[in-house]
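Q: Could you show me how to read a helix and its charged pairs in a model?

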Amino acid sequence: MYETYRLGILIDHLKTEDLIRQIDEYIEETPIDQIPHVFYVLSLASNRRIMIELLTDLARGVDEELPASIVAGLLYKDRERYTVEELYRKIGMLASLLSNEDDIIASSFRELKASYDELQAAYGRRFKRKKARERMLARSEKVLEDTLAEYADFAEEMERREWWLN
């Protein structure tokens, strides 16, 4: 799940401070002999850059599809925090961070972002037919929400603590 945090932090959805707080809580609640050494290193990360470097090293070679799906589920769960434009920017960034461009989630998000960008170009802010623009943007928002909803169950993975040891 290190890759999940790495992706979430890189798209600016998850915060380094939250990960450090969760690791610190885990360290406090767990007997010393059961705490992976790497948790102490992560807990002492002093800034976002160092945390991302550590998470990148830990996640090397991990399949990205499950972590990306979890991040997409978290975006769905927290969608009220963002504007539609911000959500499209985040899924575009998420797709660009995935190394395998043929993964279902990467190609789906790239296509969705490209479609939104085309929509913005065609029905940009200066489009004279305001109602038509609003209908198209509402349709686009619904497609985004439906797509992210497909990943909602994956967000529950973050709620569980068993992943710490995987």
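The dialogue below takes up a helix and then some salt bridges.

A: A word on the basis comes first. This is a predicted model, in which local features need pLDDT of at least 70 and side-chain atom pairs count only at pLDDT 80 or more, while totals for chains, interfaces and linings use all residues. Residues are numbered from 1 along each chain as its sequence is written, and side-chain values use heavy atoms, with hydrogens and water left out.

Q: Which residues of α7 are buried?

A: An α-helix has 3.6 residues a turn, so residues three or four places apart point the same way. In α7 (helices being DSSP runs of H or I, at least four residues, numbered from the N terminus), the buried residues are Ile105, Ala106, Phe109, Leu112, Tyr116, Leu119 and Gln120; buried means under 20% relative accessible area, exposed over 50% and partly exposed in between, with a 1.4 Å probe and protein chains only. Seen down the axis of α7, these buried residues fall within an arc of 160° (taken from the directions from the helix axis to the C-beta atoms), so they line one face of the helix. On the other side of α7, Ile104, Glu111, Glu118 and Ala121 are exposed.

Q: How many salt bridges does the structure hold?

A: Side chains of opposite charge can pair when their charged atoms come close. The structure holds 10 salt bridges, each a side-chain nitrogen of Lys or Arg within 4 Å of a carboxyl oxygen of Asp or Glu. One of them joins Asp117 and Lys113 at 2.8 Å, N to O, and these two residues, 4 apart in helix α7, are separated by about one helical turn.
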